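User: Please take a close look at the part of this model where the ligands are bound. I would like the surroundings of each ligand and the polar contacts in one connected account.

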Amino acid sequence: MDIAVLPLAPEQMKARVADESKLGFGRQFTDRMFLAEWSVDRGWHSARIKPYEPFVLDPAALVFHYSQEIFEGLKAYKWQDNRIALFRPEMNARRFNHSAARLCMPEVPEELFLDGIDRLVSLERDWIPTAPGTSLYIRPTMIAVEPVLGVKPSDHYYFYVIMSPVGAYYAAGFKPVSIMVEDRYVRAVPGGTGDAKTGGNYAASLKAGLEAKKKGYDQVLWLDGRERRYIEEVGAMNMFFAYGTHIVTAPLTGSILSGITRESVLRLALELGCTVEERMIDVEHLLQDMKSGAVTEAFGSGTAAVVTPVGRFCYKDECLTVGNGGVGTITQRLYDTLTGIQTGTIEDRFGWIRFVE
Ligand code: PLP
Ligand code: COI
């Protein structure tokens, strides 16, 4: 499909953040965005790159009432030789369509998803920050825009991509975070939407997140919705626990997100000489293993969060320090290897990088 490029007027160009160490996460957006539309009668059409600007949507648009919405998150990096790299964008395209199927939305052809991102990133290349730990965060999104109050799949959708120059997701940067295991609220249940990347999952998580913050924790770790016994994931990351060089993570049972960083970390851990295991993790057993010192490191993985060390782990008001509370050796090596591949300082032997022309 042709992608039209609409003109950008000088007054539509924004000032950049001068100090890249102050970027934060997702507060500033580039000059342009990508937009394509799907309607029952025409399928995908009107793909264009246009100035970044607000939408005018009918207040009855289905997305506002019944949350028919999905999104993705990936990053672009500018290498020292000025090449621009995307990390595993094909995986985002596939997961986007997995989410679309769950939310009864039309699939976006992989080629349209990837071409739209390539063209947009290419035009906005000057927005990619280069300071260590920074990147251009890409947010593909699909929303239901048909104005009707009946509960049904929309007959009109917007697929759009916006981009934001970002630093670390957590304000403290690459520092151990504290997490609280949530034993009252649940995020997802078997058969629900836990493995789809849809806004409703995040809306449903806000209350527990706020309550955890009030108690002084950075993040909530969700347990399974049926027994509230097995570790699932954190708000924006999958979780890993290291028993020496043996790395354990929860299996993809349908109620957690199939993280692209998770899959990459599992591969890299093997490369680094670790053994890996995907298994149900009983929170009580995990606590015992932390107390006995068998669990030596804990960390989360995600596009925004990259590899984030977990220093403190609290369950039913019992708080344990993981390892020595600092950044573990394996956590550090995984972070260094992953970010090295993403930024071009370590060879990509997996074919994970897609260059943007
Ligand atoms: N789990 C949740 C709930 C997330 O929002 C994310 C972030 O995308 C992840 C896990 C990690 O997924 P990925 O590594 O693909 O970014
Ligand atoms: C990502 O890591 O890309 C995410 O989507 C997490 C987000 C909720 C900030």
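Analyst: In this predicted model, ligand 1 sits in the largest pocket. Four elements each give two or more residues to the shell around ligand 1: the strands β11 (231-234), β12 (237-243) and β15 (297-302), and the helix α6 (260-271). The shell around ligand 1 counts 17 residues, and the closest are Arg95, Tyr202, Glu233, Thr261 and Thr303. Sorted by class, the residues around ligand 1 are six nonpolar, seven polar and four charged.

Three side chains can be named for their polar contacts with ligand 1. The side chain of Thr261 has an N or O atom 2.5 Å from an oxygen atom of ligand 1. For Glu233, a side-chain N or O atom lies 2.6 Å from a nitrogen atom of the ligand. Lys197 places a polar side-chain atom 2.8 Å from an oxygen atom of ligand 1. On its own, ligand 1 has 380 Å² of accessible area, and the protein covers 97% of that.

Ligand 2 also has its place in the largest pocket. The residues that surround ligand 2 are Phe25, Phe71, Gly73, Tyr137, Arg139, Tyr169, Lys197, Tyr202, Ala236, Thr303 and Ala304. Here the classes are seven nonpolar, two polar and two charged residues. Tyr202 and Thr303, listed here around ligand 2, are also among the closest residues to ligand 1. Lys197 is likewise part of the shell of ligand 2, besides its side-chain contact with an oxygen atom of ligand 1.

The polar contacts of ligand 2 involve both side-chain and backbone atoms. Tyr137 has a polar side-chain atom 2.6 Å from an oxygen atom of ligand 2. The backbone supplies an N or O atom of Ala304 at 2.8 Å from an oxygen atom of the ligand, and one of Thr303 at 3.5 Å from an oxygen atom of ligand 2. Ligand 2 exposes 280 Å² when taken alone, of which the protein buries 89%.

As for the domains, ligand 2 lies between domain 1 (4-166) and domain 2 (177-343), because both give residues to its shell.

Key. Residues numbered from 1 in each chain as written. Chains lettered and ligands numbered in written order. Predicted model: local features only at pLDDT ≥ 70, side-chain atom pairs only at ≥ 80, totals over all residues. Heavy atoms only, no water. Near = heavy atom within 4 Å. Polar contact = N/O pair within 3.5 Å; in protein donor to acceptor, adjacent residues only side chain to side chain. Areas by Shrake-Rupley, 256 points an atom, 1.4 Å probe, with all protein chains shown as cover. 1 Å grid on protein atoms, 1.4 Å probe; cavity = no way out; pocket = protein on both sides within 12 Å on 5 of 7 lines; lining within 4 Å. Sits in = over half its atoms within 2 Å of the grid points. Nonpolar A, V, L, I, M, F, W, Y, C, P; charged D, E, K, R; others polar. Domains from an automatic or database assignment.
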